Amino acid sequence: MATTPGQGPLTGVRVVELAGIGPGPFAAMLLADLGADVVRVDRPGGTGLAIDTECDITNRNKRSVIVDLKSPDGPARVLDLAARADILIEGYRPGVAERLGVGPEDCHARNPALVYGRMTGWGQDGPLAQRAGHDIAYIAVTGTLGMIGNPDEPPAVPANLVGDYAGGSLYLVVGVLAALHHARATGAGQVVDAAIVDGTSHLSAMIHGMLAAGGWQDRRGANLLDGGCPYYGTYETADGRYMAVGALEPQFYDEFLHLLGVADFAEARKDWSRWSELRDAVAARFKSRTRDEWTAVFEGSDACVAPVLSLREAPHHPHLAARGTFTDHDGITQPAPAPRFSATPTAVRTGPAQPGADTADVARDWDVPDLLKHQEPTKGLE
């Protein structure tokens, strides 16, 4: 697969991604979406992610080479790439990259300006740094998971969006771009330690402020934004679907009550003693019609009410369709790159990079001819 002309504000930026799963590939995808030339260094035999590589959207807009880091010349090939890169991303446990010969010291010896991004759950140090983990464990210890769900039920699992991608990938991207700005100003690269526990904790900054001010109770389903408030939550409709309500401000609340048909609860907004009664009334009204009927009722209003759509329904929502929030590429419907830029527009340029498919092109474009040397795969990959 030949490279395509760069599109986006990061055109000209070179990124090496040492293949992994989860937040590292997503962070590299975001950089690729923004126009960077991302070369994913795949392992012989793959990473173990049980998904068809043709459908792994997190590898779109990238190119792939295969390097066996356990082979005698494997580390040298990665260092050749690092020598020509602006950013490197890895997601091994602490110390693994060093043992493989591609840690920060080795890379900076070849390229002092390199930004070396490290993506982990627990971080590079601390008592749990060497422990295995996944999104759910990381967000559990930050207090974030415990905030989500009904008070009389176990905490709700928010897929892997809050930890892996919000607390992990997005903070890694912010970090490496900030470090790249510094490197270009000073010529000095650095290591970016992006830990999911740190990023996820940081996401809860406003909540911690409210907690300190006495405006947030340290338990689920008892607060303004966690489902405890009857005019900020979800309600089942007659057809077993759901509507989402976020009518926080007085003017939005009044419009919500009017359109829902429970205007006699106008004074209940700040009266906690009536919240249970208000919730029951709102729930009963929503159960009286289907989701689509309620969607039509609230259409064009400022009541802050929206239908809860499924993943397959979302691309067809009129607003998202009008904006092109989703796009189709090679037969796969997927989120379009975000955010949007007025002068340097982004696009899905290529589909998911297939392992090793771009070796010749990368060897030429990055001037790393030794990538074309055959490497015999070995067992026992990290």
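This report looks at one small sheet, the helices beside it, and a few single residues in loops. The model is predicted.

**The sheet**

Begin with the strands. Three of them make an open sheet in the order 7-8-9, and their pairing is antiparallel. Strand 7 covers 232–236 and strand 9 covers 305–307. These two strands stand at the edges, each with a single partner strand, so one side of each has no neighbour in the sheet. On average, neighbouring strands of this sheet are turned by 20 degrees against each other, direction ignored. What holds such strands together? Strands of a sheet pair through backbone hydrogen bonds.

Now take the pairs in turn. Strand 7 and strand 8 run antiparallel and are joined by five bridges. They form a hairpin, with five residues between them. Glycine 240 sits in the turn of that hairpin and has a positive phi of about 80 degrees. Strand 8 spans residues 242–246, and three bridges pair it with strand 9, again in the antiparallel sense.

Which residues face each other across the strands? The table lists examples.

| Residue | Opposite residue or bridge partner |
|---|---|
| Glutamate 236 | Tyrosine 242 in strand 8 |
| Alanine 244 | Alanine 306 in strand 9 |
| Valine 245 | Valine 305 in strand 9 |

**Helices against the sheet**

Helix 10 is made of residues 275–286 and packs on the sheet. Strand 7, strand 8 and strand 9 are touched by helix 10. The direction of helix 10 makes about 40 degrees with that of strand 7.

Helix 9 runs over residues 250–260. Which of its residues are buried? Tyr253, Phe256, Leu257 and Leu260 are. These residues cover an arc of only 95 degrees around the axis, so they lie on the same side of helix 9. What do they pack against? The buried residues of helix 9 meet strand 8, helix 10, helix 11 (291–298) and strand 9. Just after helix 9 comes glycine 261, with a positive phi of about 95 degrees.

**A buried charge**

Arginine 269 belongs to the loop between helix 9 and helix 10. This arginine is buried, yet it has no salt bridge. How far away is the nearest side chain of opposite charge? That side chain is glutamate 249, at 6.9 Å. A salt bridge needs a side-chain nitrogen of Lys or Arg within 4 Å of a carboxyl oxygen of Asp or Glu, so the pair does not count as one. Leaving aside neighbours within four places in sequence, arginine 269 is in contact with Tyr231, Leu248, Glu249, Pro250, Tyr253 and Trp275. Tyr253 is one of the buried residues of helix 9.

**Two more loop residues**

Threonine 144 lies in the loop between helix 5 (135–141) and helix 6 (161–186). Is threonine 144 buried or exposed? With a relative accessible area of 9%, threonine 144 is buried, because buried means under 20%. Not counting residues up to four places away in sequence, threonine 144 touches Ile139, Val162 and Thr200.

Glycine 331 is found in another loop, between strand 10 (326–329) and strand 11 (332–335). Its relative accessible area is 76%, so glycine 331 is exposed, the cut-off being over 50%. How does glycine 331 stand to leucine 372? The two are 41 residues apart in sequence, and their C-alpha atoms are 31 Å apart in space.

Technical notes: Residues are numbered from 1 along each chain as its sequence is written. This is a predicted model: local features need pLDDT of at least 70, side-chain atom pairs count only at pLDDT 80 or more; totals for chains, interfaces and linings use all residues. Side-chain values use heavy atoms; hydrogens and water are left out. Two strands pair if DSSP finds at least two bridges between them. Helices (H or I, at least four residues) and strands (E, at least two) are DSSP runs, numbered from the N terminus. Axes are lines fitted to C-alpha atoms, for helices over the stretch in contact, and angles run from 0 to 180 degrees between N-to-C directions. Contact means heavy atoms within 4.5 Å. Buried means under 20% relative accessible area, exposed over 50%, partly exposed in between (1.4 Å probe, protein chains only). The arc is that of the directions from the helix axis to the C-beta atoms. Lys and Arg count as positive and Asp and Glu as negative; His and the chain ends are not counted.
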